[in-house]
Amino acid sequence: MRDRLSTGAVYVLPALLAALLTGCTQPAAGGESDKGTGATASVSPSATRASGFGAVFLAVDECSSFGKASFTEVPCTSERAAARVVARHDGTPAGGPPCPATTDFVLHISEQSQISDEDGDGAVPQGYACMRNLEPPHPGDPGGGGGPRTIVGDCVYGAGSGQVRETACDGKGAKKPQYKVVKAVAERSRCPLSTALYVQLGGAQPVGCARPL
């Protein structure tokens, strides 16, 4: 789903694309089996490495610049600052802890050795930074229509072939919302009777109970 770029590069998961979802329509009170699952995809533009302002590149509470195709680390007091790091982990999102629920987008950081570090401030391990915009909009908020995670309060629409994807609950997105995630539970049997769709959320309560709008 996410491609590694060249050494020292950073790339972003666009906020307008949702995290992996799976959902299947089924009567909430039981009965028929699953009819299908769906998953979203992402496209990650390349970005440049910053000169660095701390011991760790893009550490928690540090900021990144504006940019659609590239981001650099900048002081949070800079006019160029656009988003703040709310969590930072080594490795890859697939094998590491999930970002906080209201993360707006994720920056993926490729490994860089001390020898190739042009700034001489040490090696940069492979990792990812969970980012929150300094100013609205916040697509990671409940109903915002984006962010790397689907959470309670988010809306989805049927994308065909049993797939569902996230969209803004206010109807201002490219697609109109059809279902809203109203509860997160450990298993489907705990969803309300009004549930018409199950969405995979991950975490301790991995099942999202969605009702039709």
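These legends walk through several close-up views of a predicted model.

**View 1. Strands β9 and β10 pair up in the antiparallel sense.**
Here we look at residues 155-160, which form β9, and residues 163-167, which form β10. Five bridges hold the pairing. One place to rest your eye is Val156, which sits opposite Glu166 in β10. Two residues lie between the strands of this hairpin, and Ser161 takes a positive phi near 55 degrees.

**View 2. On to β11, another partner of β9.**
Strand β11 covers residues 179-185, and two bridges join β9 to it. The two strands run antiparallel. What stands opposite Val156 in β11? That would be Tyr179. So that you can keep your bearings, recall that Val156 also stands opposite Glu166 in β10.

**View 3. The largest nonpolar core has 10 residues in all.**
Phenylalanines show up here as Phe57, Phe71 and Phe105, alongside Leu58, Leu107 and Ile109. The rest of the set is Ala83, Val85, Ala129 and Met131. Three elements give two or more residues each: β6 (81-90), β7 (105-109) and β8 (127-133). Which of them gives the most to this core? It is β7, with three residues. As background, nonpolar side chains in soluble globular proteins tend to be buried together.

**View 4. Another core lies apart from the largest one.**
This one is made of nine residues. Among them are Val164, Ala184, Leu197 and Ala210.

**View 5. Cys99 and Cys130 are joined by a disulfide.**
The S to S distance is 2.0 Å. With -75 degrees about the S-S bond, this link is left-handed. It connects distant parts of the chain, 31 residues apart: Cys99 is in the loop between β6 and β7, while Cys130 is in strand β8. Are these two cysteines buried or exposed? Cys99 is buried at a relative accessible area of 7%, and Cys130 is buried too, at 0%.

**View 6. Another disulfide joins Cys155 to Cys169.**
Again the sulfurs are 2.0 Å apart, S to S. This link is right-handed, with 105 degrees about the S-S bond. Cys155 lies in strand β9 and Cys169 in the loop between β10 and β11, so the pair ties together parts that are 14 residues apart in sequence. The two ends sit in unlike surroundings: Cys155 is buried, with a relative accessible area of 1%, whereas Cys169 is partly exposed at 25%.

**View 7. Cys191 and Cys209 form a disulfide as well.**
Its S to S distance is 2.0 Å. About the S-S bond the angle is -80 degrees, which makes the link left-handed. Because Cys191 lies in the loop between β11 and β12 (197-200) and Cys209 in strand β13 (residues 207-212), the pair ties together parts that are 18 residues apart in sequence. Both cysteines, Cys191 and Cys209, are buried.

**View 8. Stepping back to the disulfides as a set, the count comes to four.**
How do the bonded cysteines pair when numbered in sequence order? The pairing reads 1-2, 3-4, 5-6, 7-8. Among these disulfides are the links of Cys99 with Cys130, Cys155 with Cys169, and Cys191 with Cys209.

Terms used:
Residues are numbered from 1 along each chain as its sequence is written. This is a predicted model: local features need pLDDT of at least 70, side-chain atom pairs count only at pLDDT 80 or more; totals for chains, interfaces and linings use all residues. Side-chain values use heavy atoms; hydrogens and water are left out. Two strands pair if DSSP finds at least two bridges between them. Helices (H or I, at least four residues) and strands (E, at least two) are DSSP runs, numbered from the N terminus. A nonpolar core is a set of buried Ala, Val, Leu, Ile, Met, Phe, Trp, Tyr and Cys residues joined through side-chain atoms within 4.5 Å. Buried means under 20% relative accessible area, exposed over 50%, partly exposed in between (1.4 Å probe, protein chains only). A disulfide is a pair of cysteine sulfur atoms within 2.5 Å.
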